[in-house]
Amino acid sequence: NLISISLSCFFLSLYFLLNNMIYFIEWEVVSLNSMSIVMTFLFDWMSLLFMSFVLMIASLVIFYSKEYMESDENINRFIMLVLMFVLSMMLLIISPNLISILLGWDGLGLVSYCLVIYFQNVKSYNAGMLTALSNRIGDVAFLLAIAWMLNYGSWNYIFYLEVMQNEFEMLVIGSLMML
């Protein structure tokens, strides 16, 4: 099933590329008095292509793990962890908002930790701790980028690319997001 979704995302990305299409989908999560929390999703050819690759790799991991881990009685837990990893990755891919990117990044970190310690031995616990600590470095970089974007009044960085006349500002925010 994931393979069919992956192929449809791939062909949809080609369609978006050939027709030069971009879709922004905004979802108003909470509206209270004059404050509203809006989740924005960006669908363009590149995000759809990345999603198709993530889905293809996840489907192959699940396909391989069903045979490799057939004697494991908790294989459903492993498959659910892989699917949660995929959902976190997709949130990271399609979000132009730094706060939701941070949520996707932390979701990846938490699920990565759970996947690394899945077999529950000392070596996997040590590797899981290394994974969690490495993820914290990325958290610090994302928080610095979020603080820098406070200068513009919003955390939707995609809307401020033309406003950032100074190349240094784009370099700082882009470097912090890539760290």
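**Exercise 1. Methionine 90 and its surroundings**

Task: In this predicted model, find which residues methionine 90 touches, not counting residues up to four places away in sequence, and decide whether methionine 90 is buried or exposed.

Solution. Begin with the contacts: once residues up to four places away in sequence are set aside, methionine 90 touches Met51 and Leu55. Next, place the residue in its element, which is helix α3. Then turn to accessibility: the relative accessible area of methionine 90 is 16%, and because buried means under 20%, methionine 90 counts as buried. Finally, follow the chain onward to isoleucine 101, which is eleven residues apart from methionine 90 in sequence and 9.8 Å apart in space, C-alpha to C-alpha. Isoleucine 101 belongs to helix α4, and with a relative accessibility of 4% it is buried.

**Exercise 2. Helix α3 as a whole**

Task: Compare the reach of helix α3 with the value expected at 1.5 Å a residue, and state which elements its buried residues pack against.

Solution. The first step is the length: helix α3 covers residues 75-94, that is, 20 residues, and from its first C-alpha to its last it reaches 29 Å, which is close to the expected 28 Å. The second step is to list what is buried in α3, namely Ile75, Phe78, Ile79, Leu81, Val82, Val86, Ser88, Met90 and Ile94. The third step is to look for their partners, and here the buried residues of α3 pack against β2 (35-43), α2 (45-68) and α4 (98-116).

Isoleucine 93 is a further residue of helix α3. Apart from neighbours within four places in sequence, isoleucine 93 has contacts with Ser47, Phe50, Met51 and Val54. Lysine 66 stands 27 residues from isoleucine 93 along the chain, and their C-alpha atoms are separated by 27 Å.

**Exercise 3. Threonine 40 in its strand**

Task: Determine in which strand threonine 40 has its place, and which residues it is in contact with when neighbours within four places in sequence are left aside.

Solution. Threonine 40 is part of strand β2. Its relative accessible area is 1%, and threonine 40 is therefore buried, since that label applies under 20%. With the sequence neighbours left aside, the contacts of threonine 40 are Phe24, Ile25, Glu26, Ile94, Ser95, Pro96 and Asn156.

**Exercise 4. The second largest pocket**

Task: Give the volume of the second largest pocket, and work out which element supplies the largest share of its lining.

Solution. Start with the volume, which is about 210 Å³ for the second largest pocket. Then consider the 13 residues that line this pocket, of which Ile37, Val38, Asn97, Ile99 and Trp155 are the closest to its centre. The elements that contribute two or more residues to the lining are β2 and α4, and the largest share, four residues, is from β2. Last, sort the lining by character: there are seven nonpolar residues, six polar ones and no charged ones.

**Exercise 5. Two asparagines in loops**

Task: For asparagine 20 and asparagine 33, state the value that phi is near, and say in which loop each of them is found.

Solution. Take asparagine 20 to begin with: it lies in the loop between α1 (2-19) and β1 (23-32), and its phi is near 50°, a positive value in a residue other than glycine. With a relative accessible area of 70%, asparagine 20 is exposed. Now take asparagine 33, which is located in the loop between β1 and β2 and has a phi near 55°, again positive in a residue that is not glycine. Its relative accessibility of 78% makes asparagine 33 exposed as well.

**Exercise 6. The whole chain**

Task: Describe the pattern that the protein chain follows along the sequence, and state how many disulfides the structure holds.

Solution. The chain has six helices and two strands, and their order along the sequence is α-β-β-α-α-α-α-α. Along its principal axes, the C-alpha trace spans about 55 × 40 × 35 Å. Of the 179 residues, 38% count as buried. Among contacts between residues at least 6 apart in sequence, 58% join residues at least 24 apart.

As for disulfides, the structure holds zero. Cysteine 9 is buried, at a relative accessible area of 9%, whereas cysteine 114, at 27%, is partly exposed.

Note on methods
Residues numbered from 1 in each chain as written. Predicted model: local features only at pLDDT ≥ 70, side-chain atom pairs only at ≥ 80, totals over all residues. Heavy atoms only, no water. Expected span 1.5 Å × (residues − 1). Buried < 20%, exposed > 50% of the residue type's maximum accessible area, 1.4 Å probe, protein only. Contact = heavy atoms within 4.5 Å. 1 Å grid on protein atoms, 1.4 Å probe; cavity = no way out; pocket = protein on both sides within 12 Å on 5 of 7 lines; lining within 4 Å. Points joined across faces, edges and corners; volume = space filled by probe spheres on them. Nonpolar A, V, L, I, M, F, W, Y, C, P; charged D, E, K, R; others polar. Disulfide = S-S within 2.5 Å.
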